[in-house]
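Got your viewer open? Here is a tour that goes from one selection to the next, with a note on what to look for at each stop.

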Amino acid sequence: MIQEVVWGVSIVLMGALAAVFAWVAIGANVALADYGPVIASAYRLRTWLFGFAVIVLIGANYDTLGKLPYVSSLSAPSSATATRPVEAVAEQWSWSIKPDAFRAGETVEFHVTSNDVNHGFALYDPDMRIVAQTQAMPGYINVLRYTFNEPGVYRVLCLEYCGVAHHEMTAEIKVAAH
Ligand SMILES: [Cu+2]
């Protein structure tokens with residue numbers, strides 16, 4: 001199968017890369033003072049820059065991770081709202097979504113699974129902004145609730161690379177006005 005070939009090639013390349021890193025690391029066993037004052041201070045500056053980059057990275061993650069669509073999918077609907085179950089099954093390389101037509105204001109509960117490999121179930125609003133997502137995994141049913149507030153054509157795209165025709169994995173969900 002093509003996955004096994006890709007896996008084999010990846011392992012060989014990762015091994016080669018690790019060997020190069022190990023070779024460089026072993027050869028780099030030189031005291032900082034041996035480089036002379038200019039290069040030694042450049043190395044010290046590099047250490048500070050690395051620390052600075054780590055702090056920026058942690059700050060950026062802290063600021064942005066909460067804005068992922070995962071969070072909105074966790075909010076449970078109010079008890080007054082009825083949820084409509086929807087079966088969403090992924091398969092290389094298409095979606096089966098039943099039913100796939102709703103009315104604006106309706107809250108649906110996607111039951112997401114896969115018949116073969118892992119896929120990513122991502123729901124996009126009519127402006128192609130991602131509004132909810134979960135994994136589609138064989139042997140598991142992931143539940144994703146979403147309220148279609150705006151009418152229009154929503155789309156489901158696969159967000160997990162799943163093989164050569166991964167880009168073909170799109171589906172449409174039509175949401176009619178009230
Ligand atoms: Cu895919």
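Before we start clicking, one term: two strands pair if DSSP finds at least two bridges between them. Also keep in mind that this is a predicted model.

**Stop 1: the two domains**

Start with the whole protein chain. Its domain assignment gives domain 1 as residues 2-67 and domain 2 as residues 69-176. Colour them separately and look at their C-alpha centres, which lie 38 Å apart.

**Stop 2: helix α1**

Now select residues 2-27, which make up helix α1, and pick out V20 within it. V20 counts as partly exposed, because its relative accessibility is 46%. Try drawing a distance from V20 to E4: these two are 16 residues apart along the chain, and their C-alpha atoms are separated by 25 Å.

**Stop 3: the four-strand sheet**

Move on to an open sheet of four strands, ordered β2-β1-β4-β7, where the pairing is mixed. Its edge strands are β2 (94-98) and β7 (142-147), each pairing on one side only. Turn the view a little: neighbouring strands here are rotated by 25° against each other on average, direction ignored.

As background, strands of a sheet pair through backbone hydrogen bonds, either parallel or antiparallel. You can see both kinds from β1. Select residues 83-91 (β1) and 107-114 (β4): these strands run parallel and are joined by eight bridges. Click R84 and you'll find its bridge partner in β4, V108. Then click V86, which stands opposite F110 in β4.

On to β2. Five bridges join β1 to β2, and this pair runs antiparallel. A90 has W95 in β2 as its bridge partner. The two strands form a hairpin, with two residues between them.

**Stop 4: two cis peptide bonds**

Stay in that hairpin and select W93, found in the loop between β1 and β2. What kind of peptide bond joins Q92 and W93? It is a cis bond, with omega of about 5°. A little further along, the bond from K98 to P99 is cis too, with omega near -10°. P99 has its place in the loop between β2 and β3 (101-103). For context, most peptide bonds are trans.

**Stop 5: strand β5 and its partners**

Next, select residues 119-124, which form strand β5. This strand is mostly covered, with six of its six residues buried. Show the side chains. In a regular strand the side chains alternate between the two faces of the sheet. In β5, H119, F121 and L123 point one way while G120, A122 and Y124 point the other, and all are buried.

Add β6 (residues 130-136) to your selection: six bridges join β5 to β6, and the two run antiparallel. One pair to click is G120 with its bridge partner in β6, Q135. Now add β8 (residues 152-158), which is joined to β5 by four bridges and also runs antiparallel to β5. Here L123 stands opposite V156 in β8.

Before leaving, look at the turn. The hairpin of β5 and β6 has five residues between the strands, and M128 lies in this loop. Is the phi of M128 positive or negative? Phi is near 60°, a positive value in a residue other than glycine. By way of background, most residues other than glycine have a negative phi. M128 counts as partly exposed, because its relative accessible area is 38%.

**Stop 6: the copper ion**

Finish at the copper ion. Which protein donors does the copper ion have? They are C158 (SG), E160 (O), C162 (SG) and H166 (ND1), at 1.9 to 2.5 Å from the ion. Along the chain, these donors follow the spacing C-x1-E-x1-C-x3-H. The four donor atoms subtend angles of 84 to 125° around the copper ion, so the arrangement is irregular.

Now switch on a surface and go donor by donor:

- C158 counts as buried, because its relative accessibility is 7%.
- C162 is buried as well, with a relative accessible area of 5%.
- H166 is buried, at a relative accessible area of 18%.
- E160 is partly exposed, with a relative accessible area of 29%.

If you go hunting for disulfides, the count comes to zero.

Conventions
Residues are numbered from 1 along each chain as its sequence is written. This is a predicted model: local features need pLDDT of at least 70, side-chain atom pairs count only at pLDDT 80 or more; totals for chains, interfaces and linings use all residues. Side-chain values use heavy atoms; hydrogens and water are left out. Donors are N, O and S atoms within 2.8 Å of the metal (3.2 Å for Na, K and Ca); water is not among the atoms, so sites may look incomplete. Four donors count as tetrahedral if all angles lie between 85 and 135 degrees; four count as square planar and six as octahedral if opposite donors are over 155 degrees apart and all others between 65 and 115; anything else is irregular. Buried means under 20% relative accessible area, exposed over 50%, partly exposed in between (1.4 Å probe, protein chains only). A disulfide is a pair of cysteine sulfur atoms within 2.5 Å. Axes are lines fitted to C-alpha atoms, for helices over the stretch in contact, and angles run from 0 to 180 degrees between N-to-C directions. Domain bounds come from an automatic or database domain assignment.
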